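Colleague: I would like to learn how to read a model of this kind, going from the whole chain down to single residues. Could you take me through some of the features one at a time?

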Amino acid sequence: MADGATGAQALVRAFESVPAEAPLAMPVQDFATAPGRIHRPLNIDLWARRLLVVLLALLPAALAAHEMRRSIGLDGISFWEGVYLALFIPLFAWIAFGFATAAIGFLLLTVGKGKGVRPYIPRDRTPLKARTAILLPVCNEDFLGVLGRLSIMERSLSQVMGGERFEFFILSDSNPENGETERKAYLEMRKAFSRPVHYRRRARNIGRKPGNIEEWVTRFGGAYDHMIVLDADSVMSGQTMARLSVDMERHPHLGLIQTVPTVMGAATLFARWQQFASRLFGPISAAGMIWWAGSEGMFWGHNAIVRVRAFAESCGLPELPGRAPFGGHILSHDMLEAALLRRRGWDVHMVTADDSFEEFPPAMPDLFTRDRRWCQGNIQHVPLLAKIKGLHPVSRFQLFVGASAYCTSPLWLAMMLVVLGGVATGVWPPAAVLPSSTLLTVTAVLLFGPKILAIGWAMADPSRRIGFGGAVRMTRGVIADIILSILMAPVAMLTQTINLFSILMGRKASWNGQTRDRDGMAILGAIWLFKWHILLGVGLTVLAVRANAIGWMSPVLAGLFAAPILAALTARKDLGQRAENSGLFQVPEPWWRTQNYRPLRFRWPVPGRKASVSRPANDG
């Protein structure tokens, strides 16, 4: 063990308690040259699945385009009508693609009994041979919360055969003040763990999280076969970790397995709402995505296991030339790393797991702050699609979809402005551009159908139905979710539009520690934060009055005007507690609460006393 560092090393290693180094080269990738790759036979079945999903998305889009063409193009298509169709068709195809994925997932999980995509069932009977490092990158986090979640996983591993093959690494990029707090807490509490828990803090945050992981790979990667990458808010059971490691051993062509994490630990009303949506609606969409993605899965940067040598040889990221947002360090590294692994022939798979969790931002402003970072990272991928040689076609599609997701919001806003402006100025009559009743019905089915299918999936299993509080509570939660989603949709639309254009104008997003805890927000602060939403609401109201369209615009206007109140109320913990007490947004208990042990409890030191750790009396 080496505690601390001196001299020049102190510039990059402010404090560490780590094992002996085992260096592993991680060369920077040459995007201009396609590398040699492991050749795999063409999977006709997998490509047929993808073709089916595309057809299921394009068919309703084509029918909708034909319906709109009949209403506005009988006497030819004018310039503004052409603009309207150019906005309408891709947006309709986008929601149709989401519905198709969810519908396939529903059929797989119900009629197909989950064949090929059933939840990951942990098995701990196979002896483990590989060594696996569990990496927890942190940056100015609540460190006692990190240690508490780590203790859940560490103690779960103690119940797994081969659990001794796992070691934890806390990789800190915190500032000096928080780093000193982490150092003291770590030194006081590391003896409470039954297996190695290493800690290292860099004094210089070079390359953010991917630079943090790369530094670990180049120093210690040679000693480990796999690495399970987590976030500071992640929790995963020891059994699933062991199963992931076993599958990597059994299938040497696998480069990465990404679990689909669900949300846990919600306290505010907003987080409880999103936790409910994630746990109920997420599985069927995830199952459909896993079905068509196959060996070209995605990587979300956490709750995944990676083959260390495959990652080292494939994923050394260069610093891009030019200014932000397209230049500098690659920000949304995870999706690109999955594409680079597949570029060299490594398979990237996704699996659902009932015991892989993450937390969710506690309030709307915190979600939008994170979303702005993701926006900048994803649009950075656009020029890379042409520059990187040898990418798999599905990888290119996934990177394109990730970037285009942030273009849907300005497209929705532009389409509303075109419709309202055209009607208000007399370019076209309302009946010509507003969807027919049939088209409105189809749109509603595509938008809300996945939620209805999720209810059917949950109802089909008695234990799952009970976990969500029964049929009545579940339905009540879905109704509340639909109402809140309708109100939040226009808020997210304008926020993402502002974020996209500000980033394209060169205003970089900040990549600091995330806000993981909040209890309410001042209403005046919320009004100022959402001032542009209120102003847009005023402008759209004027247009809607002139276009005689207040009726169908009322959900959009309500969401924009109510944005400050919605943000302030849903950020409160007391309302989250009331929802929990009343059974609103109820979800199944996480796995560790059903075990016969509880996590260690850590407490900050008080004057004159050290930090402490207590072991629950009922712990096995």
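Modeller: What follows goes from the overall composition to a few strands, then to helix packing, and finally to two single residues.

Colleague: Before the details, how many helices and strands does the protein chain have, and what share of its residues counts as buried?

Modeller: Please keep in mind that this is a predicted model. The secondary structure of the protein chain comes to 22 helices and 12 strands, and of its 620 residues 55% count as buried. Among the contacts with a separation of 6 or more, 83% are accounted for by residues 24 or more positions apart.

Colleague: Let us turn to a strand, then. Which way do the side chains of E4 point, and are they buried or exposed?

Modeller: The general idea is that in a regular strand the side chains alternate between the two faces of the sheet. In this structure, Phe-166, Phe-168, Ile-170 and Ser-172 point one way from E4, while Glu-167, Phe-169 and Leu-171 point the other way, and all of them are buried. Strand E4, which spans residues 166–172, is accordingly described as mostly covered, with 7 of its 7 residues buried.

Colleague: Which strands pair with E4, and in what sense do they run?

Modeller: Strand E3, residues 132–138, is joined to E4 by 7 bridges, and the two run parallel; within this pairing, Val-138 stands opposite Ser-172. Strand E5, residues 197–201, also pairs with E4 in the parallel sense, over 5 bridges, and there Tyr-199 is the bridge partner of Ile-170.

Colleague: And how does the chain get from E4 to E5?

Modeller: The chain crosses from E4 to E5 through helix H4, residues 176–189, in a β-α-β crossover that is right-handed. A right-handed β-α-β unit is also made by E3, helix H3 (residues 143–157) and E4.

Colleague: For helix packing, I would look at the angle between the axes. What is that angle for H7 and H17, and how should it be classed?

Modeller: Helix H7 (residues 269–293) and helix H17 (residues 470–504) pack at an angle of about 115°, with their axes 10 Å apart. Since angles of 65 to 115 degrees count as roughly perpendicular, H7 and H17 are therefore roughly perpendicular to each other, and their crossing is left-handed. The residues of H7 that meet H17 include Phe-270, Trp-273 and Phe-281, and those on the H17 side include Met-474, Asp-481 and Met-488.

Colleague: How does the crossing of H10 and H17 read by the same approach?

Modeller: The axes of helix H10 (residues 364–379) and H17 come within 10 Å and cross at roughly 45°, which makes H10 oblique to H17. The crossing of H10 and H17 is right-handed. The contact is made by residues including Met-364, Phe-368 and Arg-372 of H10, and by residues including Met-488, Thr-495 and Asn-499 of H17.

Colleague: Finally, for single residues, why does Lys-451 count as buried, and which residues does it touch?

Modeller: Lys-451 has its place in helix H15, residues 437–459, and it counts as buried because its relative accessibility is 14%, where the cut-off for buried is under 20%. Leaving aside residues up to four places away in sequence, Lys-451 touches Phe-281, Asp-481, Ile-482 and Ser-485. Gly-456 is likewise found in helix H15, but with a relative accessible area of 30% Gly-456 is partly exposed. The C-alpha atoms of Gly-456 and Thr-110 are separated by 8.8 Å, although these residues lie 346 residues apart along the chain.

How values were computed: Residues are numbered from 1 along each chain as its sequence is written. This is a predicted model: local features need pLDDT of at least 70, side-chain atom pairs count only at pLDDT 80 or more; totals for chains, interfaces and linings use all residues. Side-chain values use heavy atoms; hydrogens and water are left out. Buried means under 20% relative accessible area, exposed over 50%, partly exposed in between (1.4 Å probe, protein chains only). Helices (H or I, at least four residues) and strands (E, at least two) are DSSP runs, numbered from the N terminus. Two strands pair if DSSP finds at least two bridges between them. A crossover is right-handed if, with the strands pointing away from the viewer, the path from the first strand over the helix to the second runs clockwise. Axes are lines fitted to C-alpha atoms, for helices over the stretch in contact, and angles run from 0 to 180 degrees between N-to-C directions. Angles under 35 degrees count as roughly parallel, over 145 as roughly antiparallel, 65 to 115 as roughly perpendicular and the rest as oblique. A crossing is left-handed if the near helix is turned anticlockwise from the far one by less than a right angle, and right-handed if clockwise. Contact means heavy atoms within 4.5 Å.
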